[in-house]
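Biologist: I would like a close look at a single part of this model. Please take it slowly and keep to what the coordinates support.

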Amino acid sequence: RPDRPGRVAGRRGDRLPEPVPADPSQEAARRRTFAIISHPDAGKTTLTEKFLLYGGALTSEAGSVKAKGARRSATSDWMELEQKRGISITSTVLQFPYRDHVINLLDTPGHRDFSEDTYRVLAAADAAVMVLDAAKGIEPQTLKLFEVCRERDMPLLTFINKWDRPGRDPLELLDEIEAQIGVHPAPVTWPVGIAGDFRGVIDRRTGDFIRFTRTAGGATEAGEELLAPDEAAEREGEAWTAATGELELLEATGADVDEESFLAGISTPVYFGSALTNFGVRLMLDGVVDLAPAPAPRVDVKDEPRPLDAPFSGFVFKVQANMDRAHRDRLAFFRVCSGRFERGMVVTIDRTGRPFATKYAQQVFGQDRETVEEAWPGDVVGLVNATDVRIGDTLWVDQPVTFAGIPSFAPELFWVARAKDTSRFKQFRSGISQLDEEGVVQVLRDPEIGDQAPVLAAVGQMQFEVAAHRLENEFGAPVELSPTSYTVARRTDAESEPALKSMRGVDVLRRADGTRLALFESSYWLARVEGDHPELVLERLVAEGGS
Ligand code: G4P
């Protein structure tokens, strides 16, 4: 590691030094940084919009978050790729005030644009809200994302959405949560009226009934009327009796919200609602503020916590290159871990020991960018043209610190890449390494073949499209991608490699960091090999899902 520069960090460019408010921990205490995890169509986008509505960040029509098709302007070919697929590649951080708090909602791209970024974003969150469709319960993508949360013992809140439509029995949904993800559900609210005939919810903490009324198109906050139990019984009749009956059953199983087990990722507070009609949205957002943890000191590689009031530090969890071809820029997103970040600060990139001037720090809100002047623990900042910055990097001023990197996740798709035009091989090779370093795809090589035909590994198809697009447009190396028959990977070691390589339907390839990955054609085949050869090292990778 090169020598670290002295106290270059902390200089404030050409601006006059300002008195630094002494208390990052106070600012941290007001912040909640979380992500929403869900299967496509469960209602993540709708709930996000409604959170913004309740946070006052959307004034008139909800709907500026997911600009589907028409609203996007074709300003660059990158946008073109987005437009062609009608998806958002640029995942965003939405910051808005709520009560006297600052909410940072990290967007986890989903759908067809599911990629490793989706997982990485979770590394920057302190909690997650799992959105379930009341008619569907836990779905495959919910499970995969949950695995990443579990890896970090991340506190999880649950929103059972679409209660305005016919759906499943609430008790059955709770059983499913428990059975499928092994987290104990603890309802904070309980629906009155079966799915499809949603009247309101009982707040289990007070026993009161919150009756909802619709507003046109869900464009404004839902009306809420607070009724005491006797009044509610009179107004809602059978629906009330049914709900209180279910609650008695619940009480018997002790499904009460318990802060300690929630923070440990053992139980999950559950809220019922309908994002479309805004029913239960405020209660859910209150839950985030009241229950989700504020940013805490982050532990470094030596297992020592970096105090919130220590000088600035942060870690990079996502790098988005070339979003806008006209500017050819590269945004590196970092989360502030300690201290106060101030635009113009010169921070040290821990990996290289090099200084980096943060003159162009930005906050990205949907498609809009805005210069950020300062940020506090829990906040996310995008650095423009941070070419030297990589995913997993630690940034600091004054007092060095190294945070653990972000793991690479279990790939599920494996495609061979070849340069279409052999005269462009050099460009192809440097492009592939660049994409690997940026974490766009994982690059696996057979040492005997080298860069002729590396295998690109990913968790989502989208990553290949981005890789191919960038190889052609940015590096001038059109690429031919062809699928392999591999579907599952395990980490292995040098001792196990020869035996594995000699087997049918198995290959062993290497990542740039030397990690050996054994690839199998099917989980069935993997299970056979594991059963027959317990002596071989075959370790699971993060986020395999469905365990
Ligand atoms: P996602 O981001 O998780 O993929 O879900 P999204 O919010 O896009 O919602 C998927 C569909 O479900 C949308 O309908 C949306 O309007 C609907 N939806 C979301 N929340 C609720 C709810 O509480 N109740 C009901 N009934 N529907 C809900 P769409 O027709 O696919 O899209 P759009 O035309 O409304 O945009």
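Which strands does helix H7 lie across, and at about what angle does it run to E10?

Modeller: This is a predicted model, and what follows should be read as such. Helix H7, residues 229–236, lies across E7, E9 and E10. Its direction makes an angle of about 115° with that of E10.

The strands under discussion belong to an open sheet of 4 strands, ordered E7-E8-E9-E10, with antiparallel pairing. Its edges are strand E7 (189–192) and strand E10 (223–227), each of which pairs on one side only. From one strand to the next the twist averages 30°. In general, strands of a sheet pair through backbone hydrogen bonds, either parallel or antiparallel. Strand E9, residues 209–213, is joined to E10 by 5 bridges, and the two run antiparallel. Within that pairing, Ile210 has Leu226 of E10 as its bridge partner.

Elsewhere in the chain, strand E11 offers parallel pairing. Strand E5 (residues 156–161) pairs with E11 in the parallel sense over 3 bridges, and Phe159 stands opposite Tyr271 of E11. Strand E6, residues 184–187, also runs parallel to E11 and is joined to it by 4 bridges; here Pro185 stands opposite Thr268. Strand E11 itself covers residues 267–272, and 6 of its 6 residues are buried, so the strand is largely enclosed by the rest of the structure. Ser267, Pro269 and Tyr271 point one way from E11, while Thr268, Val270 and Phe272 point the other way, and all are buried.

As for the nonpolar interior, the largest core has 143 residues, of which Ala125, Ala128, Val316 and Leu456 touch the most other members. Setting aside neighbours within four places in sequence, Val316 has contacts that include Ala332, Phe333, Phe334, Val389, Ile391 and Leu395. Arg390, Gly392 and Asp393 are also among the contacts of Val316.

Finally, the confidence values. The protein chain has a mean pLDDT of 85, with 85% of its residues at 70 or more. The model scores ipTM 0.97 and pTM 0.85. Over residues 1–14 the pLDDT stays under 50, and the model has 32 contacts beyond four places in sequence for them. Residues 59–79 also have pLDDT below 50, with 38 contacts in the model beyond near neighbours in sequence. Where pLDDT is low, the predicted coordinates should not be read in detail.

Conventions:
Residues are numbered from 1 along each chain as its sequence is written. This is a predicted model: local features need pLDDT of at least 70, side-chain atom pairs count only at pLDDT 80 or more; totals for chains, interfaces and linings use all residues. Two strands pair if DSSP finds at least two bridges between them. Axes are lines fitted to C-alpha atoms, for helices over the stretch in contact, and angles run from 0 to 180 degrees between N-to-C directions. Two residues are in contact if their C-beta atoms, placed from the backbone, lie within 7 Å. A nonpolar core is a set of buried Ala, Val, Leu, Ile, Met, Phe, Trp, Tyr and Cys residues joined through C-beta atoms within 7 Å. A residue is buried if 20 or more other C-beta atoms lie within 10 Å of its own, exposed if 12 or fewer, and partly exposed in between; C-beta atoms are placed from the backbone. pLDDT is the predictor's confidence in each residue, from 0 to 100.
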